[in-house]
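Colleague: Got a minute to go through this one with me? I'd like to poke at a few spots.

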Amino acid sequence: MAECYYVGVDVGTASVRAALVTREGLLKSSAEEPISIWEPQSDHYVQSSTEIWDKCCLVVKRVTHDVERSQVRGIGFDATCSLVVLDQSFQPVPVSQDGERQRNVVMWMDHRAAEQAARITNTSHRVLSRVGGVMSQEMQPPKLLWLKENLRESCWKEAAHFFDLPDFLSWKATGCLTRSLCTLVCKWTYCPPDGWDATFWTTIGLEDLMENNYSKIGSLTCSPGTPVGDGLTQEAAADLGLNPGTAVGASLIDAHAGGLGVIGADVKGFHLPCEDQPITSRMAMICGTSSCHMAISQQPLFVPGVWGPCLSAMVPGLWLNEGGQSATGRLIDHMVKGHAAYIQLQEQAQQRFGENIYTYLNSHLSLMAEAPSAVDLLGSGLHLWPDFHGNRSPLADPTLKGMVIGLSLSQTLDDLALLYLATIQALALGTRHILEAMREAGHDISTLFLCGGLSKNPLFVQIHANATGLPVVLPDQLEAVLIGAAILGACASQDYSNIQEAMEKMAKVGKVVQPDCELQSFYERKYKVFLHLVAHQREYQALMSHR
């Protein structure tokens with residue numbers, strides 16, 4: 001019998017990727033294409049759904065080029081939780097004052113709706129209990145409200161369909177308007193089995209979305225991995241280079257696909273504390289431009305400042321809590337590239353046969369330290385609070401800013417390396433902060449499962465193990481998000497009976513990184529400093545707000 005395959009498509013912040021994946025979860029081929037990001041004004045980030053779909057078709061054709069169409073049994077999509085706006089004819093509607101029709105996607109990281117989010121939070125509506133008590137400006141209700149209040153004529157009145165980007169992709173593939181519970185529950189306040197809460201939309205001034213049984217935002221839902229419609233339409237199949245009717249799995253947000261691609265792996269023989277324990281003892285961390293912290297539970301757990309509990313948002317039948325950091329990879333880049341010694345760093349890395357700058361910095365820190373475990377200790381005099389883009393979890397405070405304590409006049413390469421180290425340590429302590437909030441609410445997490453771009457940085461991984469005191473599992477296939485998307489296709493093809501079975505067979509452990517126990521006391525102290533930093537920042541804010 002010919003080998004069968006599944007295609008996973010991942011639409012990230014700045015690129016579209018696809019992978020051809022075997023039944024055993026091995027990545028056979030992958031391809032990537034950049035996508036445009038426009039910033040028409042400060043804190044406004046927009047994209048084009050037409051360009052995104054075109055790039056999806058390009059990468060899928062590339063990865064399936066060498067196999068028979070009949071061998072591709074299913075396809076799954078994941079994407080950032082960006083907002084796509086289409087009119088009655090499913091044509092793009094502009095989301096900016098400039099009226100550029102093709103720019104019809106409000107990106108996940110667009111913070112134009114901060115004031116609307118604060119107003120929604122101030123309603124104290126009951127749906128807010130499932131988003132940590134605070135409405136984030138990265139969720140869809142505040143963005144919808146902003147569009148109504150600011151672009152009533154050019155956008156709001158024309159709009160007939162508001163999609164989360166993952167749902168737009170499954171609609172484009174199948175012509176079916178069924179939404180994934182992942183997007184609606186996590187980003188839109190939908191709550192199964194009751195569905196939409198009419199009082200919420202009325203309270204915030206968006207009662208017009210209730211028309212025609214919520215047709216503009218979705219009235220039909222299903223769990224991730226459920227077959228959508230009748231599979232690929234004739235048109236979509238031609239665009240993608242696949243057979244019509246190929247199974248399409250209900251989509252996921254990109255971070256949740258990463259969670260799916262790692263959290264269910266069979267850990268037998270790795271001597272991990274989560275072995276022979278339920279999957280609820282694991283937390284998946286998807287670390288890229290930003291980071292998401294995914295924990296699942298049998299019963300709903302309410303964690304202040306953490307999104308959820310969301311039923312069937314990642315693993316059908318289980319409740320999801322999602323913590324997060326708004327800027328991780330983006331913050332590391334910001335700190336390193338803004339330093340006076342950055343050009344010197346580039347030159348030095350180039351001299352080492354074009355080495356990656358972060359690989360070079362990791363080596364440089366090892367040379368500065370007297371022993372491997374001493375690298376962490378180099379950060380004892382430099383402390384950082386990492387919320388340069390506000391705090392998503394567990395404080396849910398978008399007004400917080402970044403802080404650095406311990407700077408001198410020196411601006412050498414050594415100073416840059418130390419600032420890079422302090423940034424990674426602060427991000428890891430931010431993860432510890434989220435873990436503590438989850439534990440206080442009833443989660444019992446004993447192992448971290450990491451994936452995403454930053455999981456390829458060994459220093460980032462080791463410091464997360466050291467700062468949290470937990471072992472870190474890395475996936476066998478580095479592109480866990482793509483594996484997660486392919487699992488959706490595998491599930492939709494019905495080659496596996498459910499998501500859990502597909503996860504166990506297709507997600508595999510690659511490497512385990514244990515914490516360095518000798519650093520426990522160091523990180524206890526550094527964590528105390530970390531918590532003092534935010535307390536001080538709030539103290540300073542209070543002092544300066546008094547007249």
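Colleague: Is Thr289 buried, partly exposed or exposed?

Modeller: Thr289 counts as partly exposed, because its relative accessibility is 34%. Keep in mind that this is a predicted model.

Colleague: Where does Thr289 sit?

Modeller: Thr289 is in the loop between strand 12 and strand 13 (291-297).

Colleague: And which residues is Thr289 in contact with, leaving aside its neighbours in sequence?

Modeller: If you skip anything within four places in sequence, Thr289 is in contact with Thr13, Trp108, Ser326, Ala327, Thr328, Gly329 and Arg330.

Colleague: How far apart are Thr289 and Lys187 in space?

Modeller: C-alpha to C-alpha, Thr289 and Lys187 are 19 Å apart, with their positions 102 residues apart in sequence.

Colleague: Next up, Arg392. Buried or exposed?

Modeller: Arg392 counts as buried, because its relative accessibility is 8%. Arg392 lies in the loop between strand 16 and strand 17.

Colleague: What does the side chain of Arg392 make a polar contact with?

Modeller: With the side chain of Glu138, at 2.8 Å. Apart from residues within four places in sequence, the contacts of Arg392 include Trp108, Ser290, Ser291, Cys292, Gly305 and Trp307. Glu322, Gly324, Gln325 and Ser326 are also among them.

Colleague: Okay, peptide bonds. Which residues does a cis peptide bond with omega of about -5° join?

Modeller: That cis bond joins Ser393 and Pro394. Pro394 is in the loop between strand 16 (383-385) and strand 17 (403-405). Another cis peptide bond joins Pro192 and Pro193, where omega is about 0°. Pro193 is placed in the loop between helix 6 (181-187) and helix 7 (198-203).

Colleague: What about backbone angles? What's the phi of Phe90?

Modeller: Phe90 has a positive phi of about 65°, although it is not a glycine. You'll find Phe90 in the loop between strand 6 (83-87) and strand 7 (105-106). Phe90 counts as partly exposed, because its relative accessibility is 28%.

Colleague: And Asp276, what phi does that one have?

Modeller: About 60°, so a positive phi on a residue that is not a glycine.

Colleague: Is Asp276 buried or exposed?

Modeller: Exposed, because Asp276 has 70% relative accessibility. Asp276 lies in the loop between helix 10 (254-262) and strand 12 (282-287).

Colleague: Switching to cysteines. How many disulfides does the structure hold?

Modeller: Zero disulfides. Cys176 is in no disulfide, and the nearest cysteine sulfur, that of Cys222, is 7.5 Å away. Cys176 counts as buried, because its relative accessibility is 18%.

Colleague: Why no bond for Cys517?

Modeller: Because the closest cysteine sulfur, in Cys274, is 17 Å from the sulfur of Cys517, which is too far for a bond. Cys517 counts as exposed, because its relative accessibility is 64%.

Colleague: Now helices. How many of the 11 residues of helix 3 are buried?

Modeller: Nine of the 11 residues are buried, so helix 3 (residues 140-150) is largely enclosed by the rest of the structure. The buried residues are Gln140, Pro141, Pro142, Lys143, Leu144, Leu145, Trp146, Leu147 and Lys148.

Colleague: Lys148 is on that list. Which residues does Asp208 touch?

Modeller: Lys148 and Trp156, not counting residues up to four places away in sequence. Asp208 is in the loop between helix 7 and helix 8 (211-214). Asp208 counts as buried, because its relative accessibility is 18%.

Colleague: Last topic: at what angle do helix 15 and helix 19 pack?

Modeller: Helix 15 (residues 413-440) and helix 19 (residues 520-545) pack at about 85°, and their axes are 10 Å apart. Helix 15 and helix 19 are therefore roughly perpendicular to each other.

Colleague: Which residues in helix 15 and helix 19 meet?

Modeller: From helix 15, they are Gln425, Ala426, Leu429, Gly430, Arg432, His433 and Glu436. From helix 19, they are Phe522, Tyr523, Glu524, Lys526, Tyr527, Phe530 and Leu531. The residues of this contact divide into seven nonpolar, three polar and four charged.

Colleague: Great, thanks. That covers my list.

Notes:
Residues are numbered from 1 along each chain as its sequence is written. This is a predicted model: local features need pLDDT of at least 70, side-chain atom pairs count only at pLDDT 80 or more; totals for chains, interfaces and linings use all residues. Side-chain values use heavy atoms; hydrogens and water are left out. Axes are lines fitted to C-alpha atoms, for helices over the stretch in contact, and angles run from 0 to 180 degrees between N-to-C directions. Helices (H or I, at least four residues) and strands (E, at least two) are DSSP runs, numbered from the N terminus. Angles under 35 degrees count as roughly parallel, over 145 as roughly antiparallel, 65 to 115 as roughly perpendicular and the rest as oblique. Contact means heavy atoms within 4.5 Å. Ala, Val, Leu, Ile, Met, Phe, Trp, Tyr, Cys and Pro count as nonpolar, Asp, Glu, Lys and Arg as charged, and the others, Gly among them, as polar. A disulfide is a pair of cysteine sulfur atoms within 2.5 Å. Buried means under 20% relative accessible area, exposed over 50%, partly exposed in between (1.4 Å probe, protein chains only). A polar contact is a pair of N or O atoms within 3.5 Å; within protein, one must be able to donate a hydrogen and the other to accept it, and residues adjacent in sequence count only if both atoms are side-chain atoms.
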